[in-house]
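These are my notes from looking through one structure, written for someone who has not met it before. I set down what I looked up, entry by entry.

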Amino acid sequence: MINQKVSIIGCGNIGISLLQGLLKEKTIPAQNITVTRRNIQELAYLSEYGVNMTSDNIAAVKETSLIIIAVKPYNIVSVLEELKEHLNVENQMIISVTAGITIRKIQEITGTGVPVFRAMPNIAASVGKSVTCISHNGAEPLYLESVRSLFDIVGTTMVIDEDLMESATILGACGIAYVLRFIRAMIQGGIQIGFDAATASAVVNQTVKGAAELLIQNGQHPEFEIDKVTTPKGCTIVGLNEMEHNGFSSSLIKGLVASFDKIEK
Ligand SMILES: NC(=O)c1ccc[n+]([C@@H]2O[C@H](COP(=O)([O-])OP(=O)(O)OC[C@H]3O[C@@H](n4cnc5c(N)ncnc54)[C@H](OP(=O)(O)O)[C@@H]3O)[C@@H](O)[C@H]2O)c1
């Protein structure tokens, strides 16, 4: 991986998150990473890290083997059209993190036989804690390994069927926003019952991290752990039931499904 060169074409929110995670881990030297966007001056603050920056997408992919496309769906066709004549089937791979654009569509546009992957990371990549779902279309195991190794640097990875990529976008990428809103509500509640905002945030952040870690390490269903906290007739179950009477689980599920219905498929 250390010798692999990576380009991030369209370095906006998710591109920056990936870049920050890669720079933090240092598995790939900064000089092996090239990032692009049209308004390149917006990335000037990155110059101190030694990353290559350009608004020339063609120049950016010339020397790189892993080409991450991180533009919005409405920009991807023109970016691929621009790049297609300059791709090398021998030693390059395209990894699209763009939502809703299929591998087949990317292959049709590029028409080069360059291996194409889709990946769906989330913004926690910036702190090495993304979950990245990856899909492919019968790719060589060696290529898949390269792509997994890249995203393993910024968190955990799993390979899924392409027809689940939109679900992965909602659950993993949008999911961060749902969890953050939940955390915000917990903090607001914490302030109402007496904590200052900073202390409430510290307690809630660690509680959420602890809850996730419990499930990750013990591999149990959430309700198994909840049963340990809910004393019969106690305050936890009263609070939980009040939340459910007000549609807590239902509103989360409905929101998630509304996001899924909205995503272009
Ligand atoms: N944000 C997330 O949490 C997240 C997570 C997973 C996947 N995604 C997916 O990733 C894609 C990008 O999302 P985002 O939130 O990162 O959007 P974003 O912040 O708008 O980033 C896209 C970037 O692409 C650049 N760009 C547009 N046209 C370009 C071109 N022709 N050449 C080079 N760069 C170009 C834009 O900068 P200029 O205008 O300066 O060119 C912009 O910085 C979307 O498809 C989204 O679904 C996002």
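Entry one. Is S135 buried or exposed? I looked this up in the model, which is a predicted one, and found that S135 is buried, because its relative accessible area is 0%. The residue sits in strand β7, which covers residues 130-136. I then listed its contacts, leaving aside the neighbours within four places in sequence, and noted I103, F117, R118, I160, D161, E162 and M165.

Entry two. I next turned to M93, which lies in strand β5, residues 93-96. With a relative accessibility of 4%, M93 counts as buried, because the cut-off for that class is under 20%. Its contacts, again without the neighbours within four places in sequence, are S65, L66, I67, V114, P115, F117, Y143, S146 and V147. For L66 I also looked up the separation: M93 and L66 are 27 residues apart in sequence, while their C-alpha atoms are 5.2 Å apart in space. I noted that F117 appears in the contact list of S135 and also in that of M93.

Entry three. Stepping back to the chain as a whole, I recorded ten helices and eight strands. The C-alpha atoms fill a box of roughly 70 × 40 × 30 Å when it is taken along the principal axes. Of the 265 residues in the protein chain, 38% are buried. I also noted that, among contacts with a separation of 6 or more, 63% are between residues 24 or more positions apart.

Entry four. I then looked at how helices pack, for which the description consists of the angle between the two axes and the distance between them. Helix α6 (residues 165-192) and helix α7 (residues 197-218) have axes that come within 9 Å and cross at roughly 135°, which means that α6 is oblique to α7. The crossing in which α6 passes α7 is right-handed. On the α6 side I listed V179, F182, I183, M186, I187, G190 and I191, and on the α7 side A197, A200, S201, V204, N205 and V208, as the residues that make the contact. Sorted by class, the residues of this contact are ten nonpolar, three polar and no charged.

Entry five. What angle do α6 and α10 make where they pack? I found about 135°, with the axes 10 Å apart, and therefore α6 is oblique to α10. Here too the crossing is right-handed. The contact is made by E166, S167, I170, L171, Y178 and F182 of α6 together with F248, G255, L256, S259 and F260 of α10. By class I noted seven nonpolar, three polar and one charged.

Entry six. Finally I asked how many aromatic pairs a search of the whole structure finds. The search finds one, and this pair is formed by F182 and F248, which are tilted, with 6.3 Å from centre to centre and 45° between the planes. Because F182 lies in helix α6 and F248 in helix α10 (residues 248-262), the pair ties together parts that are 66 residues apart in sequence. I looked up the accessibility of each partner as well: F182 counts as partly exposed at 34%, and F248 is partly exposed with a relative accessible area of 29%.

Technical notes
Residues are numbered from 1 along each chain as its sequence is written. This is a predicted model: local features need pLDDT of at least 70, side-chain atom pairs count only at pLDDT 80 or more; totals for chains, interfaces and linings use all residues. Side-chain values use heavy atoms; hydrogens and water are left out. Axes are lines fitted to C-alpha atoms, for helices over the stretch in contact, and angles run from 0 to 180 degrees between N-to-C directions. Helices (H or I, at least four residues) and strands (E, at least two) are DSSP runs, numbered from the N terminus. Angles under 35 degrees count as roughly parallel, over 145 as roughly antiparallel, 65 to 115 as roughly perpendicular and the rest as oblique. A crossing is left-handed if the near helix is turned anticlockwise from the far one by less than a right angle, and right-handed if clockwise. Contact means heavy atoms within 4.5 Å. Ala, Val, Leu, Ile, Met, Phe, Trp, Tyr, Cys and Pro count as nonpolar, Asp, Glu, Lys and Arg as charged, and the others, Gly among them, as polar. Buried means under 20% relative accessible area, exposed over 50%, partly exposed in between (1.4 Å probe, protein chains only). Rings of Phe, Tyr and Trp (its six-membered ring) pair if their centres lie within 6.5 Å; planes under 30 degrees apart count as stacked, over 60 as edge-to-face and the rest as tilted.
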